[in-house]
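Dear colleague,

I am handing over the structure we spoke about, and my notes on it follow directly below. Please read them with the coordinates open beside you.

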Amino acid sequence: MSYDESVMAQMREIIARYPNSRSAVMPLLHLVQSIDDEVTPEGMQIIADELGLATAEVTAVATFYTMYKRRPVGKHHIGVCTNTLCALLGGDAVYDAVSECLGAGHDERDADGTFWLERIECQAACTHAPVMTVDWEFMDCQTPQSAVEVIDRLARGEEVVSTRGPVIRDFQATERTLAFPVDGLAGEGGEADSMMLAGLTYAREHGMSAPAAPSEGRS
């Protein structure tokens, strides 16, 4: 397998961002995934060749981070958090409902290959638990019913807007954003809401503040 010149130019554009070229491994893997819908052995070999690395070094990164998939994902990646707070507030029930709806388990695709389901350890969004992501865009404060409704709407091709971000596109589009973050969508979605700001609000109401930063030059 080989990529055309436009893809190779994009790879070299990414590599040029970094003083140490090996730092480009992760965005290059996202670029490959945006094209192939998975991280293929051939894609990892091309990355290794471009960076002057052993293929094993690229493979080590691709197999360590769970965002890189070794099988085709399909049109949409669905992640349901079942870590502590999400689980306490119903994350397991959300996951079970989505799993039943799709007929798929953890790290599996549904029968027609449209949706990939993943049980997520943490989405870093505990203020809005239980949380589900679609192509890594947040769907906050989910219930089993609302989560299944999101799946049904996507399956019908309807527009679905993430809770605090843009309209849901698809998995490959999100992967391209992870390779090239300046996608023009940074202004989409709402501002921080009261749940996100609860800690700051409490601190201000009670006259609390963080310790001052140490003076320059002090350890």
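How do the residues of the lining of the largest pocket divide into nonpolar, polar and charged? Before the answer, please keep in mind that this is a predicted model. The lining divides into 5 nonpolar, 2 polar and 4 charged residues, and the space within the pocket comes to about 190 Å³. The residues that line this pocket are Met 67, Asp 135, Trp 136, Glu 137, Pro 166, Arg 169, Thr 174, Thr 177, Leu 178, Asp 183 and Leu 185. Helix α8, which spans residues 171–179, provides the largest share of that lining, with 3 residues.

Turning to the interior, the largest nonpolar core is made up of 24 residues, and those with the most contacts inside it are Met 11, Leu 28, Leu 29, Ile 47, Leu 51 and Val 58. Helices α1, α2, α3 and α4 each contribute at least two residues to this core. If you would like one residue from which to look around, Leu 29 is in contact with Val 39, Met 44, Ile 47, Val 58, Val 61, Ala 62 and Tyr 68, once its neighbours within four places in sequence are left aside. There is also a second core, separate from that one, which has 18 residues and includes Val 80, Val 98, Val 134 and Leu 154.

The salt bridges number 9 in the structure, and I describe three of them pair by pair. In one of them, Arg 12 is joined to Glu 50, with 3.0 Å between the closest N and O atoms. Because Arg 12 belongs to helix α1 (residues 5–15) and Glu 50 to helix α3 (residues 41–51), this pair ties together parts that lie 38 residues apart in sequence. Arg 12 has a relative accessibility of 41% and so counts as partly exposed, and Glu 50, at 27%, is partly exposed as well.

Arg 22 and Glu 57 form another salt bridge through their side chains, at 3.1 Å from N to O. Here too distant parts of the chain are linked, since Arg 22 sits in the loop between α1 and α2 (25–36) while Glu 57 sits in helix α4 (residues 55–64), 35 residues apart. Both ends of the pair are partly exposed, Arg 22 with a relative accessibility of 41% and Glu 57 with a relative accessible area of 33%.

The third pair is that of Arg 119 and Asp 92, whose side chains meet in a salt bridge of 3.3 Å, N to O. This pair connects strand β3 (residues 115–120), where Arg 119 is found, with helix α6 (residues 91–102), where Asp 92 is found, and the two residues are 27 apart along the chain. Arg 119 is partly exposed at 30% relative accessibility, and Asp 92 is partly exposed with a relative accessible area of 33%. Beyond these pairs, Lys 69, Asp 107 and Glu 118 are joined into one network by salt bridges that share partners.

One last residue to locate is Glu 13, which lies in helix α1 and is partly exposed, with a relative accessible area of 47%. Its C-alpha atom is separated by 30 Å from that of Arg 164, a residue 151 places away along the chain.

With kind regards

Methods. Residues are numbered from 1 along each chain as its sequence is written. This is a predicted model: local features need pLDDT of at least 70, side-chain atom pairs count only at pLDDT 80 or more; totals for chains, interfaces and linings use all residues. Side-chain values use heavy atoms; hydrogens and water are left out. A salt bridge is a side-chain nitrogen of Lys or Arg within 4 Å of a carboxyl oxygen of Asp or Glu. Helices (H or I, at least four residues) and strands (E, at least two) are DSSP runs, numbered from the N terminus. Buried means under 20% relative accessible area, exposed over 50%, partly exposed in between (1.4 Å probe, protein chains only). On a 1 Å grid over the protein atoms alone, a cavity is a set of points where a 1.4 Å probe fits but cannot get out, and a pocket is an open set with protein on both sides within 12 Å along at least five of seven lines; lining residues have an atom within 4 Å of a point. Grid points are joined across faces, edges and corners, and a volume is the space filled by probe spheres set on the points. Ala, Val, Leu, Ile, Met, Phe, Trp, Tyr, Cys and Pro count as nonpolar, Asp, Glu, Lys and Arg as charged, and the others, Gly among them, as polar. A nonpolar core is a set of buried Ala, Val, Leu, Ile, Met, Phe, Trp, Tyr and Cys residues joined through side-chain atoms within 4.5 Å. Contact means heavy atoms within 4.5 Å.
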